[in-house]
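Here are my notes for you, written with a newcomer in mind. Have a look at the picture first, then work through the points in order.

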Amino acid sequence: MDIPGARSVTLVDGASGLAVAGAGEHQGVDEHEDAAGTTDVVRAVLACPALGSADDDLTELVVCRTRGFHLLHLIAGDFDGRLFMHVVFDGDLGNLGMARYQLRSALEELTGGNR
């Protein structure tokens, strides 16, 4: 939540679609509803052959809205049991490039270099 413009963050268990932890303002959306919806998005992208290949792992999804953006950053491992971070940013206060850089740095620190 120290990244400029961050409004909320949810750590999601990609296997179950459940929120492991969350912080910030979820603006009327329950953390678990958020986790289930974003898990469906990640699964759809992983299942789409046009968006990847076996030797090129998905690491991050960016969703841009008129008032902000969402970063879904996958943490290393197989998707069955894979965790990912969903961070919502305010478009006026956040910077997409810096947010991506700072989120990657924070996750490397958290996971000991394994994202």
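**Notes on the helices and strands**

1. Let's begin at the start of helix 2, where a side-chain oxygen of Asn95 comes to within 3.1 Å of the backbone nitrogen of Gly97. Keep in mind throughout that this is a predicted model.

2. Helix 2 itself covers residues 96–111. Its 16 residues should span 22 Å at 1.5 Å a residue, and the end C-alpha atoms are indeed 22 Å apart, so the two figures agree. Just past the helix comes Gly112, with a positive phi near 70°.

3. Which residues of helix 2 are buried? They are Ala99, Leu103 and Leu107. Looking down the axis of helix 2, you'll find these buried residues within an arc of 60°, so they line one face of the helix. The spacing fits a general rule: an α-helix has 3.6 residues a turn, so residues three or four places apart point the same way. What the buried residues of helix 2 pack against is strand 4 and strand 5.

4. Ala99 is worth a click, as one of the buried residues in helix 2. Its relative accessible area is 1%, and buried means under 20%, so Ala99 counts as buried. Leaving aside residues up to four places away in sequence, Ala99 touches Ile3, Phe69, Leu71 and Phe89. Ile3 sits 96 residues from Ala99 in sequence, yet their C-alpha atoms are 6.4 Å apart in space.

5. Two of those contacts of Ala99, Phe69 and Phe89, turn up again here. How many aromatic pairs does a search of the whole structure find? It finds 1. The ring centres of Phe69 and Phe89 are 4.8 Å apart and the planes lie at 15°; under 30 degrees counts as stacked, so this pair is stacked. The pair links distant parts of the chain, with Phe69 in strand 4 and Phe89 in strand 5, 20 residues apart. Both Phe69 and Phe89 are buried.

6. Now for the strands that carry those rings. Strand 4 and strand 5 pair antiparallel, over 7 bridges, and Leu74 stands opposite Phe84 in strand 5. On the question of cover, strand 4 is mostly hidden: 6 of its 7 residues are buried.

7. Strand 4 also has strand 3 as a partner: the two run antiparallel and are joined by 5 bridges. Together they make a hairpin, with 3 residues between the strands. If you want to trace the pairing by eye, look for Val63, whose bridge partner in strand 4 is His70, and for Val62, which stands opposite Leu71. As a general aid when reading such pairs, side chains in a regular strand alternate between the two faces of the sheet.

8. Helix 1, residues 31–47, is the next one to look at. Its 17 residues reach 24 Å from the first C-alpha to the last, close to the 24 Å expected at 1.5 Å a residue. The N-terminal end of helix 1 is capped by Asp30, which has a side-chain oxygen 2.9 Å from the backbone nitrogen of His32.

9. What is buried in helix 1? The list is Asp34, Ala35, Thr38, Thr39, Val42 and Val45. Viewed down the axis of helix 1, the buried residues fall within an arc of 130°, so they line one face of the helix. The face turned away from that buried side carries Glu33, Asp40 and Ala47, which are exposed. Covering the buried residues of helix 1 are, among others, strand 1 (6–13), strand 2 (18–24), strand 3 (60–64), strand 4 (68–74) and strand 5 (83–90).

10. One last residue to check is Ser8, which lies in strand 1. Is Ser8 buried or exposed? With a relative accessible area of 4%, it falls under the 20% limit, so Ser8 is buried. Not counting residues up to four places away in sequence, Ser8 touches Met1, Ala23, Gly24, Glu25, His26, His86, Val87 and Val88.

Key
Residues are numbered from 1 along each chain as its sequence is written. This is a predicted model: local features need pLDDT of at least 70, side-chain atom pairs count only at pLDDT 80 or more; totals for chains, interfaces and linings use all residues. Side-chain values use heavy atoms; hydrogens and water are left out. Helices (H or I, at least four residues) and strands (E, at least two) are DSSP runs, numbered from the N terminus. The expected span of a helix is 1.5 Å times one less than its number of residues. Buried means under 20% relative accessible area, exposed over 50%, partly exposed in between (1.4 Å probe, protein chains only). The arc is that of the directions from the helix axis to the C-beta atoms. Contact means heavy atoms within 4.5 Å. A polar contact is a pair of N or O atoms within 3.5 Å; within protein, one must be able to donate a hydrogen and the other to accept it, and residues adjacent in sequence count only if both atoms are side-chain atoms. Rings of Phe, Tyr and Trp (its six-membered ring) pair if their centres lie within 6.5 Å; planes under 30 degrees apart count as stacked, over 60 as edge-to-face and the rest as tilted. Two strands pair if DSSP finds at least two bridges between them.
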